[in-house]
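Student: Could you take me through the terms used for this fold, and show how each one is justified?

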Amino acid sequence: MCGIIGILGDQPAATRLVEALKRLEYRGYDSAGVALLEGGKLKRLRAPGKLSNLDAKVRETTLKASVGIGHTRWATHGQPNETNAHPHASGRVAIVHNGIIENFRELREAMEARGRKFETETDSETIAHLIDEGLSKGLKPKDAFKATLDQLRGAFAIAAIIEGEDDLILGGRRGSPLVIGVGEKEMFLGSDALAVGPFTQRVIYLEEGDWCVLSRTSFEIFDAAGQHVERAETHVPAAGAAAEKGNYRHFMQKEIYEQPDFVGRTVSAYIDAYDLKAVLPTRQGKKALDFTQFDRIQIVACGTAYYAGFVAKYWFEQLAGIVADVDVASEFRYREPVLGARTLAIMVTQSGETADTKAAMEYCKAKGVMTAAVVNVPTSSIARECDAILPTLAGVEIGVASTKAFTAQLCALLATAVAAGRQREFLSRERERAIIGSMIELPRLIGEALNTEKQIMALAPEIAKARDILYLGRGQHYPIALEGALKLKEISYIHAEGYASGELKHGPIALIDERTPVIMAAPHDHLLEKSLSNLQEVAARRGKVFLVSDKAGIKQAGNAPFGTIEIPECERVIQPIVTVVPLQLLAYHVAVEKGTDVDQPRNLAKSVTVE
């Protein structure tokens with residue numbers, strides 16, 4: 001998505017803002033800008049393209065302002081031009097924003113009806129107008145900011161400055177990260193510790209729903225309800241800011257919680273949020289995908305990426321009407337598959353260096369088949385050598401057990417399936433709009449799914465006692481059951497297996513007893529009744545079923561489950577992306593309960609570059 005920085009200092013801020021943005025350019029590089037309070041008046045400098053374009057503008061100015069905000073953008077709403085570049089302004093207010101405001105259309109239309117004029121195509125401009133409108137009604141800056149936050153739906157990190165308020169920066173977060181940097185008679189606000197690293201090593205990580213009021217010598221932090229709260233201060237060595245765990249115990253936990261931000265970033269690369277349509281990204285030197293050329297899709301991957309491809313098999317067949325097969329890369333070429341000229345081979349890989357996946361791609365290319373790669377590292381071997389690239393924007397993932405890379409892969413694959421469906425005239429425009437609208441909600445929905453952590457922590461000791469665990473799922477949730485089992489075995493060393501729920505009675509039910517917990521992924525959908533029949537089969541044999549479902553699904557299950565984990569209700573096609581989050585948390589907390597090395601589990605490596 002985007003990177004933001006705010007400085008409330010005692011020396012000229014413009015060049016310092018650019019210095020911080022250079023450390024955030026990995027978060028976005030479509031445009032950049034700064035807003036400063038020069039003599040109490042707002043001054044903005046913005047430029048499309050690389051940050052160097054903004055840097056050149058800043059160097060030409062003589063602005064002495066010591067308070068300002070900055071932004072480097074990954075375009076979501078609106079073209080990457082100077083008009084749509086942040087900071088956005090309205091009246092006395094300038095803001096920078098990272099995230100997606102889901103309800104910006106209704107907010108904007110209501111304000112336009114009240115006579116407000118908008119200059120950009122972005123969702124972010126709405127925030128500036130809301131704050132300024134609050135000020136025009138006589139609210140104090142702090143109250144206008146809080147009133148604005150209360151009206152926003154979606155995921156965001158925001159920083160705001162106001163004309164006439166030379167000793168004030170306002171900030172707030174929901175779903176996207178935000179940190180306070182505490183200096184000597186200076187205060188900073190940034191997307192991560194890396195942003196404020198050049199200025200201070202004293203960092204406070206805001207928690208979900210927090211918002212803050214900064215002056216040069218003090219800060220106040222409030223929770224979502226507006227209650228004053230205290231948050232711990234962390235010392236972050238400047239050299240280690242990029243790899244800092246923050247307030248999290250392990251990198252895996254941090255990366256689970258980063259998912260709203262990086263899912264949002266990946267979704268943004270694949271959609272036109274204003275028109276609610278799928279847009280496949282293109283890269284120089286790579287072909288654009290035209291799914292009317294293909295009759296079959298062959299997905300190849302390893303481990304967690306294989307399960308992402310397995311979910312995508314359902315999506316390509318159901319949304320695009322195209323036959324899709326999925327293979328484990330280590331087996332693919334050895335079975336000598338028959339590949340026709342109208343086959344598209346999609347490699348799914350986090351690192352882009354996985355040896356088996358790379359060899360599978362080379363096999364496909366030798367057969368004259370077009371190849372595409374869903375990949376997180378654009379400079380990797382597979383990214384360079386494939387015909388078309390489908391990037392995931394999950395950032396660096398340090399924990400060996402993949403979490404945010406998996407959900408980013410799912411987002412890229414879903415958007416690609418929607419685009420394929422439209423190209424092939426299989427998917428209606430109305431259905432496309434509904435799916436893309438639901439994808440825009442994913443950062444918020446994942447944030448709500450993360451709220452299950454305390455409940456999962458209470459369940460973890462019971463699960464940790466088990467020697468064997470079964471995971472069950474139907475339809476698109478079958479691969480999610482497989483992924484949940486993989487996560488648990490990877491980091492807790494408990495034997496876990498995933499099964500299609502309907503296969504239970506064909507063998508695995510023999511394993512059921514009171515000592516074998518069963519984790520069932522079954523949100524409310526057209527298969528729920530069949531899933532609940534399987535649940536009853538387990539309960540009848542004294543098995544303890546832990547049901548992961550939404551409110552409607554849990555209500556329908558009644559008293560049959562031993563325990564439940566409630567996820568938010570959402571459009572069915574995106575349910576797998578939301579459902580997997582509590583399964584990640586469950587694996588994490590069971591591993592913590594057992595005292596294993598969560599980030600570096602035994603015998604495993606992050607990228608397997610040998611066969």
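The turns below set terms against their definitions.

Tutor: This is a predicted model, in which local features need pLDDT of at least 70, side-chain atom pairs count only at pLDDT 80 or more, and totals for chains, interfaces and linings use all residues. Residues are numbered from 1 along each chain as its sequence is written, and side-chain values use heavy atoms, with hydrogens and water left out.

Student: What makes the 101 residues a nonpolar core?

Tutor: A nonpolar core is a set of buried Ala, Val, Leu, Ile, Met, Phe, Trp, Tyr and Cys residues joined through side-chain atoms within 4.5 Å, where buried means under 20% relative accessible area (1.4 Å probe, protein chains only). The largest such core has 101 residues, and Trp315 and Tyr471 are among those that touch the most other members. Helix 20 (residues 575–594) gives the most to this core, with 12 residues.

Student: Why are strand 25 and strand 26 called paired?

Tutor: Two strands pair if DSSP finds at least two bridges between them, and strands themselves are DSSP runs of E, at least two residues long, numbered from the N terminus. Strand 25 (residues 545–549) and strand 26 are joined by 4 bridges, so the definition is met, and they run parallel. Within strand 26, glycine 563 is the bridge partner of phenylalanine 546.

Student: What makes strand 23 and strand 26 the edge strands?

Tutor: Strand 23 (495–500) and strand 26 (563–566) each pair on one side only, in an open sheet of 5 strands whose order is 23-22-24-25-26.

Methods
Buried means under 20% relative accessible area, exposed over 50%, partly exposed in between (1.4 Å probe, protein chains only).
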